[in-house]
Amino acid sequence: MDSIYRSTTGKEFIRRWCLDQLAAWPVPHERKTLTAKGAQTHVVLAGSGTRTVVFVPGTNFNAAASLPLATALVATGYRVLLVDVPGQPGLSSGERGLSGGRLSWYGAWLSEVIEKISSQPVAVMGHSFGAAIALSSDSPRIDRLVLVSPGGLTRLRLTPTVLAASAAWFLWPAPTHSARLLRTMLAPGHTPREELVNWMTLVARHSRSSGAPGAATLPARSIPRLVVTGDHDVFLPPRRLGPAVRATLGTELGVVSEAGHLVVEERPEYLSTLLEIPGQPASDAPPWGSRPPSAVSADNPGPEPTHSGALLSLSKS
């Protein structure tokens, strides 16, 4: 099976960056490697709260690239499990094609990870592709979902600006091009942190995306879901994502102010407050919804095919 890495040396560069970031993280934590759906899976456990939150990152991100959010979740009092998704650059399996192109495989993978890590109910927060994975899991241990700029529900908007920045990023990997691409995913005036610029440069130089797996396969089990996106999300603007969330999940979309697609970078402290079902929703957030997904019919055809992850899936073969 092909590797997402262009070379053994490149794989080691990616691995070393991740290990260095985790080693420098001041929050006490432990790393584990387990096998789920036959894929070697790296996880990071931090925090000592009685409530476990599982975070599933988006395309080309992983535990080591998600430490601002992890720090905020631990500070809020949670036990946090960060996963590296197989087939994405990081410390999990780098084999391409593990899923066979199906989000149902990723959903089953996440269910198995949760089964091996926690014997108690967990909350799951997913971002972008990671949110599509979370939506696709039918684990009975998941008792609520927070879906941040979720893929798997509707098409991404790919503007000329985004396409130009993406092309420069993967054709000529350099920090300037990584920063340019990241700025398209942030709200206007926000600057990407240096560590993330360096990470995206390594990704462009040394890895190939495993591709976008398609539309989310939603379990029928009713579960509370909270869905949010940034008010400046270039890929999933509220006017595009809102109707898909309402039709497919039966809940309203929350719009996070002063944030783009990388809400997890821009508003980690705010996101860490969304996991408990409140009596009244926070000002930026919608009500929690738990209606099972509507049946697909001629009158309700379901979500459009998704290209979630398409932008960051562009790669050199």
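Colleague: Contact means heavy atoms within 4.5 Å; taking that as the rule, which residues does Gly47 touch, not counting residues up to four places away in sequence?

Modeller: Bearing in mind that this is a predicted model, Gly47 touches Pro28, Val74, Tyr78 and Arg79 once residues up to four places away in sequence are set aside.

Colleague: And where does Gly47 lie, and is it buried or exposed, or something in between?

Modeller: Gly47 lies in the loop between strand 2 and strand 3, and because its relative accessibility is 32%, it counts as partly exposed. If you want a distance to look up in the model, the C-alpha atoms of Gly47 and Ala70 are 9.2 Å apart in space, while the two residues are 23 residues apart in sequence.

Colleague: Ala70 is in helix 2, right? Which residues of helix 2 are buried, and what do they pack against?

Modeller: Ala70 is one of the buried residues of helix 2, along with Leu67, Leu69, Ala72 and Leu73. Those buried residues pack against helix 1, strand 3, strand 4 (79-83) and strand 5, and also against helix 9 (263-266) and helix 10 (268-271). Just after helix 2 you will find Gly77, which takes a positive phi of about 115°.

Colleague: Stepping back a bit, how many helices and strands are there in the chain, and how much of it is buried?

Modeller: The protein chain has 11 helices and 8 strands, and buried residues make up 57% of its 317 residues. Among its contacts with a separation of 6 or more, 75% are between residues 24 or more positions apart. The chain exposes about 12,400 Å², of which carbon and sulfur atoms supply 52%.

Colleague: On to the aromatics, how many aromatic pairs does the structure hold?

Modeller: The structure holds 3 aromatic pairs. In one of them, the rings of Trp105 and Tyr106 have their centres 5.2 Å apart and their planes at 90°, so this pair is edge-to-face. Trp105 and Tyr106 are both buried.

Colleague: Which pair does Tyr106 form with Phe129, and why is it called that?

Modeller: The rings of Tyr106 and Phe129 have their centres 5.2 Å apart and their planes at 85°, and because an angle over 60 degrees counts as edge-to-face, the pair is given that name. This pair links distant parts of the chain, since Tyr106 is in helix 3 (residues 103-117) and Phe129 is in helix 4 (residues 129-136), 23 residues apart. Tyr106 and Phe129 are both buried, and ring pairs link Trp105, Tyr106 and Phe129 into a cluster.

Colleague: How many residues of helix 4 are buried, and what do they pack against?

Modeller: Helix 4 is mostly covered, with 8 of its 8 residues buried; besides Phe129, these are Gly130, Ala131, Ala132, Ile133, Ala134, Leu135 and Ser136. They pack against strand 3, helix 3, strand 5, strand 6 (142-148), strand 7 (225-230) and helix 8 (238-249).

Colleague: What about backbone angles, which phi does Ser128 have?

Modeller: Most residues other than glycine have a negative phi, but Ser128 has a positive phi of about 55° although it is not a glycine. Ser128 is found in the loop between strand 5 (122-127) and helix 4, and with a relative accessible area of 9% it is buried. Asn60 also has a positive phi, near 70°; this residue is in the loop between strand 3 (52-56) and helix 2 (67-76), and its relative accessibility of 2% makes it count as buried.

Colleague: Different spot now: what joins the side chains of Ser178 and Thr201?

Modeller: A polar contact of 2.7 Å joins the side chains of Ser178 and Thr201. Ser178 is found in helix 6 (residues 175-184), and at 1% relative accessibility it counts as buried. Leaving aside neighbours within four places in sequence, Ser178 is in contact with Trp169, Val197 and Met200 as well as Thr201.

Colleague: Last topic, what volume does the second largest pocket have, and which residues line it?

Modeller: The second largest pocket has a volume of about 160 Å³, and its lining includes Tyr5, Lys11, Arg15, Arg31, Thr33, Gln40, His42 and Gly90. Helix 1 (8-24), strand 1 (29-36) and strand 2 (39-46) each supply at least two residues of that lining.

Technical notes
Residues numbered from 1 in each chain as written. Predicted model: local features only at pLDDT ≥ 70, side-chain atom pairs only at ≥ 80, totals over all residues. Heavy atoms only, no water. Helix = DSSP H or I, 4+ residues; strand = E, 2+ residues; numbered from the N terminus. Buried < 20%, exposed > 50% of the residue type's maximum accessible area, 1.4 Å probe, protein only. Contact = heavy atoms within 4.5 Å. Areas by Shrake-Rupley, 256 points an atom, 1.4 Å probe, with all protein chains shown as cover. Phe/Tyr/Trp six-rings, centres within 6.5 Å; stacked < 30°, edge-to-face > 60°. Polar contact = N/O pair within 3.5 Å; in protein donor to acceptor, adjacent residues only side chain to side chain. 1 Å grid on protein atoms, 1.4 Å probe; cavity = no way out; pocket = protein on both sides within 12 Å on 5 of 7 lines; lining within 4 Å. Points joined across faces, edges and corners; volume = space filled by probe spheres on them.
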